[in-house]
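Trainee: Could we go through the ligand site together, one question at a time?
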Amino acid sequence: MNPGIKVFAPASVANVAAGFDILGFALERPGDEIIVRLSETPGFRITQITGAKGKLPMEPEKNTAGFAALKLLEYLGETGRGIEMEIHKKMPFGSGLGSSAASAAGAVVAVNELLGRPLEKRALLPFAVLGEQIADGAYHADNVAPSLIGGMVLIRSNKDLDVHRLPVPKGLYAAVVHPQVEILTKDARNVLSDTVSLQQCIEQNGNLGGLIVGLYNSDLELIGRSLNDVIIEPQRARLIPHFYEVKAAALDAGALGCSISGAGPSIFALCANSLVAETAGKAMSKVFTEAKIGNQVFISAINQEGATKC
Ligand code: HSE
């Protein structure tokens, strides 16, 4: 069998406190693996999905990775090309770690590589976002963009996919704890109120602006003060058991700031270095463990590569 091309696409943390739907960063681990190979049978097919406990559809039109690949192939005029795809899920879904986004990002990079790289990586973004839209019904790139291009990414406009990489202070590390509680992004979006007060808007803008200035100036204290979500976190916290205890544990352990990763239930903390991240990760995990909730911790620098051939 021809070995094909294998791509690793990393998990990501969306929102990063004050940047609901417009800010996200990529982790080094975990991530999904996508394998594609040419086949003599015309058309695109998904031949294998592992790690999904049978929960993901094999029909390309209904699968985030499959749909993203189909949209890219359509754009390239290559829908007749015989291509087989394997999807190896290496992270839980419904976790707030951008699982569907990683599969979509990995799929477009893999297909693009297989066809001799007709597009630049950034040009693959619209197709990957369309794929992820299948999972939660909303069109936003705050998981897909970092998973695809890596780094801390600001999306000025989701409609125009006007995306910008932000600098990250040297040594910045994330601790992410994933409790075994499933929250579907769709449900976590449905609990949100359509309206925000003027005061909340002012505070949230201040925090988002402060975070960006802190990242540009490597000002860790400013980053810490700005990792503060006054709109979304208070509405979603009740979906995550022990959220405020976990957050307090991370801050007590020296994290700069802590909030919900994407739609949850994962919780992330940004830390000045890997040592603090290890300590914060252990403290966060302990809260869930003591509450008899199974959990996994990921300690990671900010992944600057995004989805890559491996
Ligand atoms: N920004 C999205 C949310 C990320 O919080 O709903 C999850 O898809």
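Mentor: A polar side-chain atom of Asn15 lies 2.8 Å from an oxygen atom of the ligand, a polar contact being a pair of N or O atoms within 3.5 Å. The model is predicted, with local features needing pLDDT of at least 70 and side-chain atom pairs pLDDT 80 or more, whereas totals for chains, interfaces and linings use all residues. Residues are numbered from 1 along each chain as its sequence is written, and side-chain values use heavy atoms, without hydrogens and water.

Trainee: Which ligand element does a polar side-chain atom of Asp21 approach to 2.5 Å?
Mentor: For Arg236, an N or O atom of the side chain is 2.7 Å from an oxygen atom of the ligand. For Asp21, the ligand atom at 2.5 Å from the polar side-chain atom is nitrogen.

Trainee: How much of the ligand's area does the protein bury?
Mentor: Taken alone, the ligand exposes 260 Å², by the Shrake-Rupley method with a 1.4 Å probe. Of that area, the protein buries 98%.

Trainee: How many charged residues are in the shell around the ligand?
Mentor: The ligand is surrounded by 13 residues, each with a heavy atom within 4 Å of it. Three are nonpolar and five are polar, with Asp, Glu, Lys and Arg counting as charged. The number of charged residues in this shell is five.

Key
A polar contact is a pair of N or O atoms within 3.5 Å; within protein, one must be able to donate a hydrogen and the other to accept it, and residues adjacent in sequence count only if both atoms are side-chain atoms.
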